[in-house]
Amino acid sequence: MDDRYFDTIFTLFSDRLSELGSPLPSVSMIAEERNDPYRVLVSTVISLRTKDSVTLESSGRLFQIAPDIPTLAATPSETIAETIKPAGFYKRKGEQLKKIAEILMSEYGGRVPSDMDSLLSLPGVGLKTASLVLNLGFGIDAICVDCHVHQIANRIGWVDTKTPEETEKELRRILPRRFWIPLNELLVRYGQKVCTPVSPHCSGCPIADSCRRKGVERSR
Ligand code: SF4
């Protein structure tokens with residue numbers, strides 16, 4: 001697997017997604033409005049276990065009442081929760097977001113840190129959120145591996161791993177650097193439209209002939 005191989009896969013997947021219609025709203029669309037680490041961090045926390053369309057609307061409402069870190073830190077967690085409702089676990093996320101903002105104020109001078117360890121130390125921030133903040137907020141190369149990336153990379157046969165953490169390590173080894181940032185957005189969208197978690201649409205997939213389909217018991 002070399003540069004040209006991944007170029008081909010990325011092009012085939014992008015073309016297939018274009019054929020299927022307009023892109024779904026996603027965290028990176030929010031981030032692209034302004035490459036603001038604060039917005040990426042907040043919208044990614046909201047996005048966990050939440051539909052993209054709900055994330056987009058919930059984040060938009062929250063940014064209207066809390067456009068920056070100091071304002072979020074001063075907003076009661078109940079207000080944050082009510083504002084992001086019906087995002088999944090909105091009450092817990094309300095508390096997490098307030099706590100995150102308070103820590104950013106007290107320990108990071110009111111800014112989002114740009115290193116992985118500091119980001120991972122924030123409440124409710126895991127590998128996916130930290131990687132997205134580095135990727136989209138700071139333009140730092142990092143591979144964001146969520147459930148779609150982990151599953152599709154294993155199905156195709158790029159990696160043979162049990163956890164997203166192992167997948168991230170393997171992808172760092174085999175994937176040329178220029179694909180690190182776009183990988184997440186592409187595979188998340190591909191996982192939503194084509195290579196779905198249950199019964200993927202293999203009959204309409206441009207790499208069906210070469211895909212190992214590891215772990216796929218049922219497909220359409
Ligand atoms: S052939 Fe099926 S399992 Fe493989 S990438 Fe395409 S949709 Fe996913």
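**Ligand site and domain contact**

Colleague: Which cavity does the ligand occupy in this predicted model?
Modeller: On a 1 Å grid over the protein atoms alone, a cavity is a set of points where a 1.4 Å probe fits but cannot get out, and a molecule sits in it if more than half of its atoms lie within 2 Å of those points. The space that the ligand takes up is the largest cavity.

Residues are numbered from 1 along each chain as its sequence is written, and side-chain values use heavy atoms, without hydrogens or water. Local features need pLDDT of at least 70 and side-chain atom pairs pLDDT 80 or more, whereas totals for chains, interfaces and linings use all residues.

Colleague: How many residues around the ligand are charged?
Modeller: The surrounding residues (a heavy atom within 4 Å) include C195, C202, C205 and C211, together with R155 and I156. By class, with Cys nonpolar and Arg charged, this shell has nine nonpolar residues and no polar ones, and the charged count is one.

Colleague: Which residues of domain 1 lose the most area to domain 2?
Modeller: The domain assignment gives domain 1 as 3–20 + 143–204 and domain 2 as 27–138, and nine residues from domain 1 and seven residues from domain 2 take part in the contact (heavy atoms within 4.5 Å). The buried area (accessible area lost by both parts, 1.4 Å probe) is about 750 Å², 54% of it from carbon and sulfur atoms. On the domain 1 side, 48% of what is buried comes together from the residues that lose the most, C144, I181 and E185.

Methods. On a 1 Å grid over the protein atoms alone, a cavity is a set of points where a 1.4 Å probe fits but cannot get out, and a pocket is an open set with protein on both sides within 12 Å along at least five of seven lines; lining residues have an atom within 4 Å of a point. Domain bounds come from an automatic or database domain assignment. Buried area is the accessible area (1.4 Å probe) that two parts lose on being put together, summed over both.
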